[in-house]
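Please open the model in your viewer and keep the selection panel at hand. The stops below go from the whole chain to single residues.

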Amino acid sequence: MGYARKVGWVTAGLVIGAGACYCIYRLTRGRKQNKEKMAEGGSGDVDDVGDCPGARYNDWSDDDDDNSENKGIVWYPPWARIGTEAGTRARARARARATRARRAVQKRASPNSDDTILSPQELQKVLCLVEMSEKPYILEAALIALGNNAAYAFNRDIIRDLGGLPIVAKILNTRDPIVKEKALIVLNNLSVNAENQRRLKIYMNQVCDDTITSRLNSSVQLAGLRLLTNMTVTNEYQHMLANSISDFFRLFSAGNEETKFQVLKLLLNLAENPAMARELLRAQVPSSLGSLFNKKENKEVILKLLVIFENINDNFKWEENEPTQNPFSEGSLFFFLKEFQVCADKILGIESHHDFLVKVKVGKFMAKLAEHMFPKTQE
């Protein structure tokens, strides 16, 4: 009797798991008549920037890549014990089920296909799956479907009205890096909307902390940087990141090329706001920041960093009644720029840089520093 009951529970578990996978697959099957809804509701172009100025940065991960380091994180049923033959078969079935769920959603919900459009009723069901499911592979597939639909301007309002913002934001507390990345991508696409930004601002501190503390150059860190960049396209919420600017400079100095570019986009948004100039100058910067100006560094990285410095210089107005002892501490960006102005050729090696454009831009920037921020009367 006990054996029969155990078999019954196992069978029920398999049926529920299969049913959930089929539900996601069914929900993400677009219908051709949705083309008419697209024509009425707005453009289906995924490059639509919504209600906020600036570009939207999406990061669609390739889950079908056999070399993906994320492939190994799969939910296994409790009876799939390691070291037993039955457990090996159960784990293999769980991996196959997770792969089918991901591929079904990606195949039917491609961002370049009209079939990705879901009706409000279908979006509601996907949100219910996100809210109630605890299985990572189901959450991942459902979040991919939401992310693809959130790339359309009219769906951003629908998902918000269905209560989707707090449902997806709650997933940020998960320890699963794949699920967290997918949740950040959904919020990133939803944030290209003024009303969504107003409601998402309460999660900025959490996203900022997670981004800074995540593994360096990880997909979670990059997704967090993209979301923060979208949230700072306007000046309204930039002040919320004032205490984290030093950490962003640290990520910029330590990260790989992709991380550097993502941090630069965020810092460019901050540097264009005159109200943030003083906060940027107060930020502590690593001593290694100067070593970026060398022959091996990507030219585009150097040029974008110079644009940031130029914007700060243009926005910072040294008032005539400013005291001689400035409020900036040693190691701050202010002192870095002062050293840059005085010793750029000797310390940073700009004079021997192989790129002519870099040398010209640095020369012009040094002249601006001497004229505006560090005039002779202030020396």
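The tour that follows names a selection at each stop and says what is found there.

This is a predicted model, in which local features need pLDDT of at least 70 and side-chain atom pairs count only at pLDDT 80 or more, while totals for chains, interfaces and linings use all residues. Residues are numbered from 1 along each chain as its sequence is written, and side-chain values use heavy atoms, with hydrogens and water left out.

**The whole chain**

Begin with the complete chain, shown as a cartoon, where there are 17 helices and zero strands; helices (H or I, at least four residues) and strands (E, at least two) are DSSP runs, numbered from the N terminus. Of the 379 residues, 48% are buried, where buried means under 20% relative accessible area, exposed over 50%, and partly exposed in between, with a 1.4 Å probe and protein chains only. If you switch on the surface, its accessible area comes to about 18800 Å², and 51% of that belongs to carbon and sulfur atoms; the areas come from the Shrake-Rupley method with a 1.4 Å probe, and for residues only the protein chains shown count as cover. Taking contacts (heavy atoms within 4.5 Å) between residues at least 6 apart in sequence, 76% join residues at least 24 apart.

**The largest nonpolar core**

Next, select Leu143, Leu146, Phe248, Leu289, Phe309, Phe336 and Phe340, which touch the most other members among the 80 residues of the largest nonpolar core. Helix 15 (residues 299-315) gives the most to this core, with eight residues. Such a core is a set of buried Ala, Val, Leu, Ile, Met, Phe, Trp, Tyr and Cys residues joined through side-chain atoms within 4.5 Å.

**Helix 10 against helix 11**

Now select residues 204-213 and 219-231, which are helix 10 and helix 11, packed at an angle of about 145° with their axes 8 Å apart. The axes are lines fitted to C-alpha atoms, for helices over the stretch in contact, and angles run from 0 to 180 degrees between N-to-C directions. The crossing of helix 10 and helix 11 is left-handed, a term used if the near helix is turned anticlockwise from the far one by less than a right angle. Show side chains to see Met204, Val207, Cys208, Thr211 and Ile212 of helix 10 meeting Gln221, Gly224, Leu225, Leu227, Leu228 and Met231 of helix 11. By class, this contact of helix 10 with helix 11 has eight nonpolar, three polar and no charged residues, where Ala, Val, Leu, Ile, Met, Phe, Trp, Tyr, Cys and Pro count as nonpolar, Asp, Glu, Lys and Arg as charged, and the others, Gly among them, as polar.

**Around the pair**

Move to Asn217, in the loop between helix 10 and helix 11, whose phi is near 70°, a positive value in a residue other than glycine. Asn217 counts as partly exposed, at 25% relative accessibility.

Ser244, in the loop between helix 11 and helix 12 (245-254), is buried, with a relative accessible area of 11%. Not counting residues up to four places away in sequence, Ser244 touches Cys208 and Ile212. With that same exclusion, Phe248 touches Cys208, Ile212, Leu225, Leu228, Leu241, Val263, Leu266 and Leu267.

Which helix holds Leu184? Leu184 lies in helix 8 (residues 177-190) and is buried at 4% relative accessibility. Leaving aside neighbours within four places in sequence, Leu184 is in contact with Leu172, Val207, Val220, Ala223, Gly224 and Leu227. Measure-tool users may pick Leu184 and Ala223, 39 residues apart in sequence and 5.9 Å apart in space, C-alpha to C-alpha.

**Last stop**

Finally, select Val130 in helix 4 (residues 120-132), which is buried at 1% relative accessibility. Not counting residues up to four places away in sequence, Val130 touches Leu139, Ala142, Leu143, Leu146, Ile167 and Ile171.
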